[in-house]
Amino acid sequence: MKEINSRNKGYAHCAVITGASSGIGREFAYQLADKGYFLVLSGRNEKALRELQNELGECCCEVITADISDTKSCIYLYPKASKYEPDV
């Protein structure tokens with residue numbers, strides 16, 4: 001069985017965006033979505049990430065709640081995000 005990743009969802013590029021729930025991270029999400037990227041949205045605020053996912057379209061992004069200031073959270077995030085074969 002082929003693993004799910006951005007390439008077999010029809011996207012040429014994938015980006016992991018940390019801090020995507022607000023500020024610069026959120027703006028990066030809008031900009032890269034407009035360029036046709038599959039997005040892995042990460043941040044501490046799951047509610048805000050889900051709202052962003054709904055705005056962008058659930059088919060073009062995945063939400064992974066993680067706090068990158070915490071080592072355990074980074075260890076959790078890395079394999080989950082890697083399965084989408086991110087370029088950025």
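Me: In which sense do strand 1 and strand 2 pair, and over how many bridges?
Reply: In this predicted model, strand 1 and strand 2 are joined in the parallel sense over five bridges. One partnership involving strand 2 sets Cys14 against Phe38. The chain passes from strand 1 through helix 1 to reach strand 2, and the hand of this β-α-β crossover is right-handed. The pairing asked about is therefore parallel, and the number of its bridges is five.

Me: How many bridges join strand 2 to strand 3, and which residue of strand 3 is the bridge partner of Gly43?
Reply: Strand 2 and strand 3, the latter formed by residues 61-65, run parallel and are joined by five bridges. Between these two strands the chain crosses through helix 2, residues 46-56, in a β-α-β crossover that is right-handed. The bridge partner of Gly43 in strand 3 is Thr65.

Me: What pattern does the protein chain follow when read along the sequence?
Reply: The secondary structure of the protein chain comes to three helices and three strands. Read along the sequence, these elements follow the pattern β-α-β-α-β-α.

Me: How many of the residues of strand 2 are buried, and which of them point the same way as Val40?
Reply: Strand 2 is mostly covered, since six of its six residues are buried. In a regular strand the side chains alternate between the two faces of the sheet. Here Leu39, Leu41 and Gly43 point one way from strand 2, while Val40 points the other way along with Phe38 and Ser42.

Me: Is Ser42 buried or exposed, and what is its relative accessibility?
Reply: Ser42 has its place in strand 2, which spans residues 38-43. Leaving aside neighbours within four places in sequence, Ser42 is in contact with Ile17, Thr18, Gly19, Ala20, Leu49, Ile64, Ala66 and Leu77. Because burial requires a relative accessible area under 20%, Ser42 counts as buried, its relative accessibility being 0%.

Me: Which element supplies the largest share of the largest nonpolar core?
Reply: In soluble globular proteins, nonpolar side chains tend to be buried together. The largest nonpolar core here has 23 residues, of which Ile17, Ala29, Leu39, Val40, Leu41 and Leu56 touch the most other members. Strand 1, helix 1, strand 2, helix 2, strand 3 and helix 3 each supply at least two residues of this core. The largest share, four residues, comes from strand 2.

Me: What distance separates the C-alpha atoms of Ile64 and Thr18?
Reply: Ile64 lies in strand 3 and is buried, with a relative accessible area of 6%. Not counting residues up to four places away in sequence, Ile64 touches Val40, Leu41, Ser42 and Gly43, as well as Leu49, Tyr76, Leu77, Lys80 and Ala81. Ile64 and Thr18 are 46 residues apart along the chain, and the separation of their C-alpha atoms is 9.4 Å.

Me: How many disulfides are there?
Reply: Cys14 counts as buried at 0% relative accessibility, whereas Cys74 counts as partly exposed at 30%. A disulfide would need a pair of cysteine sulfur atoms within 2.5 Å. By this rule, the count of disulfides is zero.

Me: What percentage of the exposed area of the protein chain do carbon and sulfur atoms supply?
Reply: Of the 88 residues of the protein chain, 39% count as buried. The protein chain exposes about 5400 Å², and the part of it supplied by carbon and sulfur atoms is 52%.

How values were computed
Residues are numbered from 1 along each chain as its sequence is written. This is a predicted model: local features need pLDDT of at least 70, side-chain atom pairs count only at pLDDT 80 or more; totals for chains, interfaces and linings use all residues. Side-chain values use heavy atoms; hydrogens and water are left out. Buried means under 20% relative accessible area, exposed over 50%, partly exposed in between (1.4 Å probe, protein chains only). Contact means heavy atoms within 4.5 Å. Accessible areas come from the Shrake-Rupley method with a 1.4 Å probe; for residues, only the protein chains shown count as cover. Two strands pair if DSSP finds at least two bridges between them. A crossover is right-handed if, with the strands pointing away from the viewer, the path from the first strand over the helix to the second runs clockwise. A nonpolar core is a set of buried Ala, Val, Leu, Ile, Met, Phe, Trp, Tyr and Cys residues joined through side-chain atoms within 4.5 Å.
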